[in-house]
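Please explain how this structure is put together, moving from its helices and core to its strands, and then to the spaces enclosed by them or open between them.

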Amino acid sequence: MPANATTTGPVRASRPLNDALTDVTGLRVGHATLTGDGFLTGTTVVLAPEGGAVTAVDVRGGGPGTRETDALDPRNLVQRIEAIVLTGGSAYGLDAASGVMAWLEEAGRGVPVAGPGRVVPVVPAACVFDLGRGGDWRARPDAATGRAAVEAAAATEPNSPVEEGNVGAGTGALVGRLRGGTGTASTVLGTGITVSALVVANAAGSALDPATGALYGEFFTAQGPVTYPSPDLHEAATNRLSAAAAKDPAPPLNTTLAIVATDAELSRAQARKVAGTAHDGIARAVRPVHLLNDGDTVFAVATGARPLDAANSLALNEILAAGADLVTRAIVRAVRAAESVNGPGGTHLSYGDLYGTGEPSPR
């Protein structure tokens, strides 16, 4: 890692519910953020409780960069996963998973094989394209970055808040011509089951309604009528975005990554259904999605602390609906938490810089 790399675990707060992925007890999140000297990238690790969690994946984008996702197929051997890696650096950045794998091996966490004390950690990973956004095409996360992120996750307390914005895998993110980033959200269902999501929003499509300046996702997440930016503000923002795009006409690349988690007890097949339905949350917040130059990938994680109602064959429905809603809200939060950057990799403007940081209506 470069000398100016930073690692951060979740931000501390006193309230018990943080509206974050870590509201599912047992999950921890750590970011490793690389900036300066040509870097504008990073890695985010979600660490499961010891013994792992049931995990599934659904890939909808036409250009995914992933590792170990075949192991999550319900037909295959591995039952539980100890960690998931989300990373910048395109396919090069998947090397970050090697550092996480090494850390898990040292901790004795993984699939037991070939005798006592011998494990093989299975570490699913997915990447976003952010190459060159800090100025240096070769400035990418590596195994040391992944290790720093998992160490940051392991150092946090249970149920800690999660830092949002341009951190970890969301450091160099763009959504269309806007800055993207990392966002998170959670809810507790009437049954007491917690559902949460963490998103890295870095899409080829746009999160912004070009006619009004409102974020698409806020049409679904606002608790009242959406308040649109004034026409003058929207015109000025459009002009600034156009000027920045003229200096860098290359289309933005790709991907939205998400992890939807719950403390419900799910089978791997049920978890895979949760991952698939959660893609609807991306489609509400970003248009278009799942293109050939996207790698949209959603993981679902179930810690199994709370049983589903066995007498209700449709009990999963609430989790399916909540997961999609939370992905939408996490994307909105990622875009709103992002900050503009002007450097060797170009000028990338944030929604807050263009339109202000106020919410359109209470959440």
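The expected span of a helix is 1.5 Å times one less than its number of residues. This is a predicted model, and in it the 22 residues of helix α6 (residues 316-337) should, at 1.5 Å a residue, span 32 Å, which agrees with the 31 Å between its end C-alpha atoms. Because buried means under 20% relative accessible area, and 17 of the 22 residues of α6 are buried, this helix is largely enclosed by the rest of the structure.

The surroundings of α6 can be followed through the largest nonpolar core, which has 50 residues, and in which Ile319 and Val327 touch the most other members. The elements that each supply at least two residues of this core are β4 (54-59), β13 (194-201), α4 (231-247), β14 (256-264), α5 (268-285), β15 (297-306), α6 and α7 (351-355). Of these, α6 gives the most to the core, with 11 residues.

Helix α7 also holds Asp353, and this residue counts as partly exposed because its relative accessibility is 36%. Although Asp353 and Glu339 are 14 residues apart along the chain, their C-alpha atoms are separated by 7.3 Å.

Among the strands, β3 (39-47) is a useful one to follow. Since 9 of the 9 residues of β3 are buried, the strand is largely enclosed by the rest of the structure. Strand β2 (residues 28-36) pairs with β3 in the antiparallel sense over 9 bridges, and in this pairing Leu34 stands opposite Thr41 in β3. The hairpin of β2 and β3 has 2 residues between the strands, and there Asp37 takes a positive phi near 55°. Strand β3 is also joined to β6 by 5 bridges, the two running antiparallel, and Val45 stands opposite Val85 in β6.

What lines the largest cavity? Its lining is made up of Leu27, Val46, Leu47, Ala48, Ala53, Thr55, Ile81, Glu82, Ala83, Ile84 and Val301, and both β3 and β6 (83-87) supply at least two residues of that lining. By class, the lining of this cavity divides into 9 nonpolar residues, 1 polar and 1 charged. The volume of this largest cavity is about 50 Å³, and the structure holds 2 cavities of 30 Å³ or more.

The pockets bring the account back to helix α4. The largest pocket has a volume of about 270 Å³ and is lined by 20 residues, of which Arg133, Leu174, Asp248, Ala250 and His348 lie nearest its centre. Two elements, α4 and β17 (346-348), give two or more residues to this lining, and α4 gives the most, with 3 residues. The lining of the largest pocket divides into 12 nonpolar, 5 polar and 3 charged residues.

In the second largest pocket, about 190 Å³ of space is found, and α4 again gives the most to the lining, here with 5 residues. Among the residues that line this second largest pocket are Val175, Gly176, Arg177, His234, Thr238, Leu241, Ser242 and Ala245, and by class its lining has 6 nonpolar, 5 polar and 1 charged residues.

Key. Residues are numbered from 1 along each chain as its sequence is written. This is a predicted model: local features need pLDDT of at least 70, side-chain atom pairs count only at pLDDT 80 or more; totals for chains, interfaces and linings use all residues. Side-chain values use heavy atoms; hydrogens and water are left out. On a 1 Å grid over the protein atoms alone, a cavity is a set of points where a 1.4 Å probe fits but cannot get out, and a pocket is an open set with protein on both sides within 12 Å along at least five of seven lines; lining residues have an atom within 4 Å of a point. Grid points are joined across faces, edges and corners, and a volume is the space filled by probe spheres set on the points. Helices (H or I, at least four residues) and strands (E, at least two) are DSSP runs, numbered from the N terminus. Ala, Val, Leu, Ile, Met, Phe, Trp, Tyr, Cys and Pro count as nonpolar, Asp, Glu, Lys and Arg as charged, and the others, Gly among them, as polar. Buried means under 20% relative accessible area, exposed over 50%, partly exposed in between (1.4 Å probe, protein chains only). Two strands pair if DSSP finds at least two bridges between them. A nonpolar core is a set of buried Ala, Val, Leu, Ile, Met, Phe, Trp, Tyr and Cys residues joined through side-chain atoms within 4.5 Å.
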